[in-house]
Amino acid sequence: MTTIQIKITMSVKNHYMSLPKGTYCQVTYVWISEDKESLRSKTKTLCKEPAGIKDIPEWFAVSTNITELTLVPVKMFRDPFSLDPNKLVLCEVLDYKQVPAETTLRSKCVEVMEKVEKFEPWFGMEQEYFLLDLDRKPYDWPPGCRFYTGSCCVGSEIIHGRDVATCHNLACLYAGIKICGYNPEAITSQWEFQIGPCLGIEMGDHLWMARYILHRVCEEFKVIATLDVQPVSGHLCPSGGHVNFSTKEMRSEGGLQYIEEAIKKLSRRHSHHLSVYDPHGGADNIRRLNSQTITSSFKEFSSAVAARDVSVRIPGQVFRSGHGYFEDRRPAANCDPYSVMIAMIETCLLGDPSLQYKNLAATC
């Protein structure tokens with residue numbers, strides 16, 4: 001679709017969006033699909049604007065195997081597409097027995113966060129993604145395009161998709177999502193946005209809704225945002241979902257020792273973490289973590305100060321100040337943030353000996 005066609009479509013849409021609708025409110029229910037990667041949504045009309053999450057009723061959906069599901073609203077946001085008073089709500093999914101569906105980990109993540117509430121765990125995530133045309137070719141790659149640019153570049157000859165990234169950022173701010181920045185990444189048409197810092201479960205909720213908003217913005221521009229770790233065969237710099245983590249002790253004076261202790265614990269469970277850091281049991285990270293350019297090795301754990309080609313990084317500023325946070329660079333771009341947060345809390349703070357460690361490294 002050309003720019004002119006998009007403008008005409010938006011003009012027609014704006015006419016209907018401006019129609020009065022009285023006190024009615026549209027609420028779009030958003031939930032995670034069975035594949036733990038994609039999202040689904042549908043919209044209900046309420047008689048009036050909900051004052052809070054308790055005013056939004058449960059609803060029903062159907063799984064891919066035609067089983068009835070119950071959608072339970074857990075987090076409400078403003079709707080940046082149909083605007084106030086309309087809402088977006090992230091939903092927990094229950095199966096027909098009214099227990100959390102096997103494919104959703106939010107309820108387990110809530111339980112884990114309650115156990116470590118005294119530590120005040122903060123999370124942030126750097127979400128990388130790649131823009132594709134509708135034919136699934138890299139977005140707007142002209143002949144002679146410089147594919148590898150290095151991150152944060154400017155210029156029409158190397159940067160494509162800035163309008164998409166900018167509109168996504170503004171839509172997230174309107175919705176109330178804790179988005180703290182965005183930038184072009186190392187390959188033309190590759191972008192990143194950052195969520196956080198968030199307390200506990202909040203990061204997962206905000207990231208999933210930010211992903212939903214990204215896909216909706218891309219619908220407007222007739223492009224595709226993919227979280228595939230390496231959608232362009234043969235090109236380096238695959239997409240990741242780097243997670244920043246800290247506790248109250250790590251953020252306090254002298255916190256570096258707690259950061260180093262946590263990293264030691266992570267090093268002992270490298271294989272287990274890789275098994276839950278992408279939705280395919282580590283298969284995506286086998287493709288991604290190949291020790292080339294700015295990725296670490298899938299087979300071996302590594303850590304360092306101010307380095308980008310390691311499993312876990314201590315930022316230089318944190319090392320100099322002696323407190324702050326660390327960055328786990330292993331999660332894939334398509335990871336389930338709830339799964340990542342559960343693993344990090346269990347390893348760094350709970351030390352659950354009953355967990356089974358998977359030696360994925362031996363299979364690659």
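Tutor: A residue counts as buried when its relative accessible area is under 20%. Keep in mind that this is a predicted model.

Student: What share of the residues in the protein is buried?
Tutor: The cut-off is a relative accessible area under 20%. The protein has 364 residues, and the buried part of them comes to 53%.

Student: How many helices and strands are there in the protein?
Tutor: Both kinds of element occur in this predicted model. The count is 10 helices and 13 strands.

Student: In what order do the strands of the open sheet of five lie?
Tutor: The pairing in this open sheet is mixed. Its edge strands, which pair on one side only, are β2 (39-46) and β3 (59-62). Neighbouring strands are turned against each other by 40° on average, direction ignored. From one edge to the other, the order is β2-β1-β5-β4-β3.

Student: Which helix packs on the sheet?
Tutor: The helix in question touches β1 (25-32), β2, β4 and β5. Its direction makes about 120° with that of β5. It spans residues 202-221 and is helix α4.

Student: Do β4 and β5 run parallel or antiparallel?
Tutor: Strand β4 covers residues 68-78 and strand β5 covers residues 87-94, with eight bridges joining them. Across this pairing, Leu 71 stands opposite Val 93 of β5. The two strands run antiparallel.

Student: Which residue of β5 is the bridge partner of Val 27?
Tutor: Strands β1 and β5 are joined by four bridges and run parallel. Within β5, Val 27 has as its partner Lys 87.

Student: Why is β5 described as largely enclosed by the rest of the structure?
Tutor: Look at its two faces in turn. On one side Lys 87, Val 89, Cys 91 and Val 93 are buried, and on the other side so are Leu 88, Leu 90, Glu 92 and Leu 94. Strand β5 is largely enclosed because the number of its residues that are buried is eight of eight.

Student: What kind of aromatic pair do Phe 123 and Phe 245 form?
Tutor: The ring centres are 5.0 Å apart, with 40° between the planes. Planes under 30 degrees apart would count as stacked and over 60 as edge-to-face. The angle here fits neither of those classes, so the pair is tilted.

Student: How many residues apart are Phe 123 and Phe 245?
Tutor: This pair links distant parts of the chain. Phe 123 belongs to strand β6 (residues 122-132), and Phe 245 to strand β10 (residues 241-246). Phe 123 is buried at a relative accessible area of 1%, and Phe 245 is buried at 1% as well. Along the chain, they are 122 residues apart.

Student: Which three residues form one aromatic cluster?
Tutor: Phe 245 also pairs with Phe 326, edge-to-face, at 5.7 Å centre to centre and 70° between the planes. Phe 326 lies in strand β13 (residues 326-328), 81 residues from Phe 245. Phe 245 and Phe 326 are both buried. The cluster is made of Phe 123, Phe 245 and Phe 326.

Student: Over the ring of which residue does the charged end of Arg 251 sit?
Tutor: A charge over a ring is also found where Lys 42 lies over the face of Trp 59, at 4.1 Å from the ring centre. For Arg 251, the distance to the ring centre is 3.7 Å. The ring belongs to Trp 122.

Key:
Residues are numbered from 1 along each chain as its sequence is written. This is a predicted model: local features need pLDDT of at least 70, side-chain atom pairs count only at pLDDT 80 or more; totals for chains, interfaces and linings use all residues. Side-chain values use heavy atoms; hydrogens and water are left out. Two strands pair if DSSP finds at least two bridges between them. Axes are lines fitted to C-alpha atoms, for helices over the stretch in contact, and angles run from 0 to 180 degrees between N-to-C directions. Contact means heavy atoms within 4.5 Å. Rings of Phe, Tyr and Trp (its six-membered ring) pair if their centres lie within 6.5 Å; planes under 30 degrees apart count as stacked, over 60 as edge-to-face and the rest as tilted. Buried means under 20% relative accessible area, exposed over 50%, partly exposed in between (1.4 Å probe, protein chains only). A charge sits over a ring if NZ of Lys or CZ of Arg is within 6 Å of the ring centre and within 35 degrees of the ring normal.
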